[in-house]
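Subject: Structure for you to look at

Hello,

Here is the structure I said I would pass on. Please open it and keep it in view while you read the notes that follow.

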Amino acid sequence: MKIAMLAPVAWRTPPRHYGPWELVTSLLTEQLVKMGLDVTLFATQDSLTSARLRSVVKSGYEEDPHSDAKVCESLHIANCFESAEEFDLIHNHFDFLPLCYSKLTKTPLLTTIHGFSSPKILAVYKRYNTSGNYVSISDSDRSEQLNYLKTIYHGIDIDRFTFRKERGKYLIFFGRMHHDKGALEAIKIAQRASMELVMAGPIQDQEYFKTCVAPYIDNKNVHYAGSVGPAERDQLLGEALALLHPINFNEPFGLSVVEAMACGTPTVAFNRGSMPELIEHGKTGFLAQTTEEAARYIDQCISINRVNCRNRAEQRFSVKKMAEQYAEAYTIILEKDAVILEKDAVSMQRGKGEVV
């Protein structure tokens, strides 16, 4: 089975710091190679992989101020589809744009829908609904207007996260500095709970950070660690009492929640989007409706058995489980495609007047 893995090119695969789609693409690619699949990764030239690497984009456009995002994206997607016939299947992690190329090749396309950035992009997914194959990353992030092959949760490399039995003494916010992620709400929760807060993640909205976050950073009650890499992420998540995840949008998944879980750290999150699918209320964290309610749960985090958090991450959100489910999806698609091709061949023979 020859798989073309189409990664985004905003960041390197895997990302140095931030880049959740690139991270998932990398984890899946490396695990599939370990399973013996023939995988070619289409990503930036500076990407790191044990698979074959093909690229026409030097580096992620978010990391190169001289690059043009649309030019990078167009060249990158075309590079993959121009060699589509070399592969049994293309696995698209690049959002909706590759769908527009899908009918130009007979190679089947599987698209992991990492989320809907805008209701407007649904029109593209709807247009290719009958010819494409869609995987959702949570049951909550499904559109009633689309058909899905299955839901496959993101998996993480559990071994990269250190389980820490001892509870920490601070709270951690790990995510983009943006209203959607609830950075300000995390500060308010920590203040109400009279707890020290460490914040980590890229500044996506400069104005939001300047007005809603920066005024509270005093390096005593609130610290900002910046956009940290894997090693520091492991330490910050693992040594915290709890992860705060007070999202202001219906988040499709939430890698930081699972990563914290792997360290043994529970999460206090707003009860939106995929959070009820990730967090077992009262067992691996708490689901709240408001900052006030979330703050009340902080004391109860002491009662959470951190072993339960680690076990849930291992059982439900491992990269091995994710890769096995995608391998099953590939088989389903290829078997379905083989049946369609056989029917087309029979139809053509009949059209020529041949007896079948």
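In strand E12 (residues 267–270), Thr267 stands opposite Leu243. The stretch between the two strands goes from E11 through helix H7 (residues 255–263) to E12, a β-α-β crossover that is right-handed. Please note that this is a predicted model.

Strand E11 covers residues 242–245. E11 and E12 run parallel and are joined by three bridges. Strand E8 (residues 170–174) also runs parallel to E11, again with three bridges. In that pairing, Phe173 stands opposite Leu244 of E11.

Which residues of E11 lie on each side of the strand? Ala242 and Leu244 are on one side, while Leu243 and His245 are on the other. This fits a general rule: in a regular strand the side chains alternate between the two faces of the sheet. Both faces of E11 are covered, and these four residues are all buried.

The other part to look at is helix H1, which has 15 residues, 20–34. From its first C-alpha to its last, H1 reaches 21 Å, close to the 21 Å expected at 1.5 Å a residue. Is H1 largely enclosed or exposed? Of its 15 residues, 11 are buried, so H1 is largely enclosed by the rest of the structure. The buried residues run from Glu22 to Leu32 and include Val24, Leu27 and Gln31. Just after the helix, Gly36 has a positive phi of about 95°.

Regards

Key: Residues are numbered from 1 along each chain as its sequence is written. This is a predicted model: local features need pLDDT of at least 70, side-chain atom pairs count only at pLDDT 80 or more; totals for chains, interfaces and linings use all residues. Side-chain values use heavy atoms; hydrogens and water are left out. The expected span of a helix is 1.5 Å times one less than its number of residues. Buried means under 20% relative accessible area, exposed over 50%, partly exposed in between (1.4 Å probe, protein chains only). Two strands pair if DSSP finds at least two bridges between them. A crossover is right-handed if, with the strands pointing away from the viewer, the path from the first strand over the helix to the second runs clockwise.
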